[in-house]
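User: I would like a close look at a single part of this model, namely the salt bridges and the helices that they join. Please take me through that part in one connected account.

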Amino acid sequence: MGLRTMERRRLHRDVMAEFVAEIVSGRLAPGDALPREVAVAERFGISRGIARECLRALEERGLATVRHGSKTTVNPREDWDLFDPDVIAASLAGPGAVALLGEYIECRRIVEIEAAGFAAERATADDVAALEARFEEMKAALATKGAAAQEAAYHAADVAFHTQLVHATGNLALLTLVRRVDTALLVARYPLARPAYRRTRALPEHEAILVAVREGNPDAARAAMRAHLDTVESYLHEHARQVARSAA
């Protein structure tokens, strides 16, 4: 990739990120008109081509509607792609972060509790071996040196475990759905991270899910996943109290 292409992509992402932040924060409200392509180019000192790409990127994320030959307007929140990592990152920096995290946990309850049960009913020996390997990766991640590197390694291993669990259901449509959700939740999980509790809570909870799947016990698998998500939700309540104290 040439330097010119890299610079073009950087400019595109920087400008797009600014507009995403303005929309998600409410500074640009639903129905508001975005600057035209020429005005965007002048404001940020970029070409009209890059400005056009930025407006299209907002439309791809459901944040705006581009009407050719007319104005580009901000869409209501229900049209936003709330699983897009850029939208998530901006949302988590805004006042609606706690509510959004609650919605993500609710999504996980709807999908993952039943998925755990199906995995226990349907997992093959290879599925169980793969899930065991993902669990070992979670444990190994805790030995990663450096706090930031350890966080990244642990979160990646955690997502891989949950994705592998869904893979064990044998439902490819569900797996396709969850892969996209998990990619997004890799961003959303950081505010609820509790490194101090991983050995005493997170790992035992994941091991309980693994054991239930290995033993072919769907009720135990659902219960273990429900207990794990109860823990995650308790972290959300802690996070909400911290946010409220900071705002006071």
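Analyst: What follows starts with the chain as a whole and then turns to the charged pairs and the helix contacts.

The model is a predicted one, and its chain comes to 10 helices and 3 strands in secondary structure, which follow one another along the sequence in the pattern α-β-α-α-β-β-α-α-α-α-α-α-α. The C-alpha trace spans about 65 × 45 × 35 Å along its principal axes, and of the 248 residues in the chain, 44% are buried. If one takes the contacts between residues at least 6 apart in sequence, 69% of them join residues at least 24 apart.

Turning to the charged side chains, the structure holds 19 salt bridges, and three of them are described here. Side chains of opposite charge can pair when their charged atoms come close.

The pair to begin with is D84 and R61, whose side chains meet in a salt bridge with an N to O distance of 3.1 Å. D84 sits in the loop between β3 (72-74) and α4 (85-92), while R61 sits in the loop between α3 (48-60) and β2 (64-66), so this salt bridge ties together parts that are 23 residues apart in sequence. Both D84 and R61 are buried. The two residues also belong to a network of salt bridges that links R13, R61, D84 and D86.

The next pair involves helix α5, where R109 forms a salt bridge with E233, and the closest N and O atoms of the two are 2.7 Å apart. R109 belongs to helix α5 (residues 97-122) and E233 to helix α10 (residues 218-247), so that the pair links distant parts of the chain, 124 residues apart. R109 has a relative accessible area of 21% and is therefore partly exposed, and E233, at 27% relative accessibility, likewise counts as partly exposed.

A further salt bridge between helices α5 and α10 is formed by E121 and R222, with 4.0 Å from N to O. Here R222 lies in helix α10 and E121 in helix α5, and 101 residues separate these distant parts of the chain. The two partners can be set side by side: R222 is buried, with a relative accessible area of 14%, whereas E121 is partly exposed, with a relative accessible area of 47%.

Helix α5 also packs on helix α7 (residues 147-167), with the axes 8 Å apart and an angle of about 55° between them. The two helices are therefore oblique to each other, and their crossing is left-handed. From α5, the residues R108, E112, A115, A116 and A119 meet H162, L165 and V166 of α7, and the residues of this contact divide into 5 nonpolar, 1 polar and 2 charged.

Another helix pair is formed by helix α2 (residues 37-44) and α3, the axes of which come within 8 Å and cross at roughly 110°. That angle makes α2 roughly perpendicular to α3, and α2 passes α3 in a right-handed crossing. The contact is made by E37, V38, V40 and A41 of α2 together with R48, A51, R52 and L55 of α3, which by class gives 5 nonpolar, no polar and 3 charged residues.

Note on methods: Residues are numbered from 1 along each chain as its sequence is written. This is a predicted model: local features need pLDDT of at least 70, side-chain atom pairs count only at pLDDT 80 or more; totals for chains, interfaces and linings use all residues. Side-chain values use heavy atoms; hydrogens and water are left out. Helices (H or I, at least four residues) and strands (E, at least two) are DSSP runs, numbered from the N terminus. Buried means under 20% relative accessible area, exposed over 50%, partly exposed in between (1.4 Å probe, protein chains only). Axes are lines fitted to C-alpha atoms, for helices over the stretch in contact, and angles run from 0 to 180 degrees between N-to-C directions. Angles under 35 degrees count as roughly parallel, over 145 as roughly antiparallel, 65 to 115 as roughly perpendicular and the rest as oblique. A crossing is left-handed if the near helix is turned anticlockwise from the far one by less than a right angle, and right-handed if clockwise. Contact means heavy atoms within 4.5 Å. Ala, Val, Leu, Ile, Met, Phe, Trp, Tyr, Cys and Pro count as nonpolar, Asp, Glu, Lys and Arg as charged, and the others, Gly among them, as polar.
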